[in-house]
Amino acid sequence: MPALERLGPLHAPALLRFERVNREYFARFVPDRGDDYFDEFADRLAGLLTEQEAGACHFHVLVDEDGTVLGRFNLVDVADGSAELGYRVAERATGRGLAREGVRQVCALARDEYGLRRLVASAALANPASLAVLRRTGFVPVEEVLIGGQPCLRHVLDLTPEVTDENRPPGRSIRVTDPDA
C-alpha cells in the first residue's frame, strides 16, 4: 500500500526519476518544467527543503512499497492559515484513486498538523480527472483563471470544522436569541 511521506533528502533519486519518467505525461496538463529543472534538480530540492523547514511550504510524496514515488502533494505559499495545494500522480498510477486519497490525506495534515484553515487548488479545464479529484475531496470551484496560458478552474476548501452537537466541546452551549422577540 502506498504511503504519504513528508519530503526529505532521501527521496531525491526516486523523485527525480518520477519527474523524468512522467515529464511528457505531465506536460499534457501543466506547463513543462523545462530542462533547467532537471539540470538543477539537486539545488532546487535543497531550496524546497529549506522552505519546508521554515514552514513556508509542506511537501509530500506518495511512495510505493519498493520506494518508487507515485505522486507529489504539495502545500505552498503557506501564510495566514492558508496554502495552495498542488499535486501530480504518475501516469502508471492513475485510475486507482491514489490522487483522491493523497489529496484527502494532505488536507487532513494541513488542518491537523499544520494548522491551516483554507486551501486553494487549481486544475486545468483540459484535465477532467484532476477536476473530479478536487470535487470529490470537498473543494468548491470559485473562478476560472489562466495558469501558464491554460484555462483552469480555481477551487477552495474550508478546513474549519462546522460546529455540530457531535463535535461541540463538553460543557459548551449555544445561546440562540430571537431577533423578533
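Which element supplies the largest share of the lining of the largest cavity? In this predicted model, that element is helix 2, which provides three residues. The protein has 181 residues, of which 40% count as buried. The points below begin with the overall fold and then turn to the internal spaces, one helix and three aspartates.

**Overall fold**

- The secondary structure consists of six helices and seven strands.
- Read from the N terminus, the elements follow the order β-α-α-α-α-β-β-β-α-β-α-β-β.
- Among contacts in the protein with a separation of 6 or more, 59% join residues that are 24 or more positions apart.

**The largest cavity**

- One cavity of 30 Å³ or more is found when the whole structure is searched.
- The largest cavity has a volume of about 60 Å³.
- Its lining is made up of Glu 19, Arg 23, Phe 26, Ala 27, Val 30, Pro 31, Asp 32, Arg 33, Phe 38 and Arg 88.
- By class, this lining holds five nonpolar and five charged residues, with no polar ones.

**The largest pocket**

- The largest pocket contains about 1200 Å³ of space.
- Its lining comprises 40 residues, and those closest to the centre of the pocket are Val 30, Gly 86, Tyr 87, Arg 88 and Ser 130.
- Val 30 and Arg 88 therefore belong to the lining of the largest pocket and also to that of the largest cavity, as the definition of a lining residue allows.
- The lining of the pocket divides into 22 nonpolar, ten polar and eight charged residues.
- Strand 4 makes the greatest contribution to this lining, with six residues.
- Several elements each supply at least two residues of the lining, including helix 2 (23-27), helix 4 (41-54), strand 4 (82-89), helix 5 (98-112) and helix 6 (128-136).
- Strand 3, strand 5 (118-124) and strand 7 (150-158) also each supply at least two residues.

**Helix 6**

- The buried residues in helix 6 are Ser 130, Leu 131, Ala 132, Val 133 and Leu 134.
- These buried residues pack against strand 4, helix 5, strand 5 and strand 7.
- Ser 130 is thus named twice: as a buried residue of helix 6 and as one of the residues closest to the centre of the largest pocket.
- After helix 6 comes Gly 138, which has a positive phi near 95 degrees.

**Asp 64: a buried charge**

- Asp 64 lies in the loop between strand 2 (58-63) and strand 3 (69-79).
- Asp 64 is buried but forms no salt bridge.
- The nearest side chain of opposite charge is that of Arg 92, 4.2 Å away; this does not count as a salt bridge because the cut-off is 4 Å.
- Leaving aside residues up to four places away in sequence, Asp 64 touches Pro 2, Leu 70 and Arg 92.

**Asp 77 and Asp 80: positive phi**

- Most residues other than glycine have a negative phi.
- Asp 77 is not a glycine, yet its phi is positive, at about 55 degrees.
- Asp 77 is located in strand 3 and is exposed, with a relative accessible area of 61%.
- Asp 80 likewise has a positive phi, near 50 degrees, although it is a residue other than glycine.
- Asp 80 is located in the loop between strand 3 and strand 4 and is exposed, with a relative accessible area of 74%.

How values were computed: Residues numbered from 1 in each chain as written. Predicted model: local features only at pLDDT ≥ 70, side-chain atom pairs only at ≥ 80, totals over all residues. Heavy atoms only, no water. Helix = DSSP H or I, 4+ residues; strand = E, 2+ residues; numbered from the N terminus. Buried < 20%, exposed > 50% of the residue type's maximum accessible area, 1.4 Å probe, protein only. Lys, Arg positive; Asp, Glu negative; His and termini not counted. Contact = heavy atoms within 4.5 Å. 1 Å grid on protein atoms, 1.4 Å probe; cavity = no way out; pocket = protein on both sides within 12 Å on 5 of 7 lines; lining within 4 Å. Points joined across faces, edges and corners; volume = space filled by probe spheres on them. Nonpolar A, V, L, I, M, F, W, Y, C, P; charged D, E, K, R; others polar.
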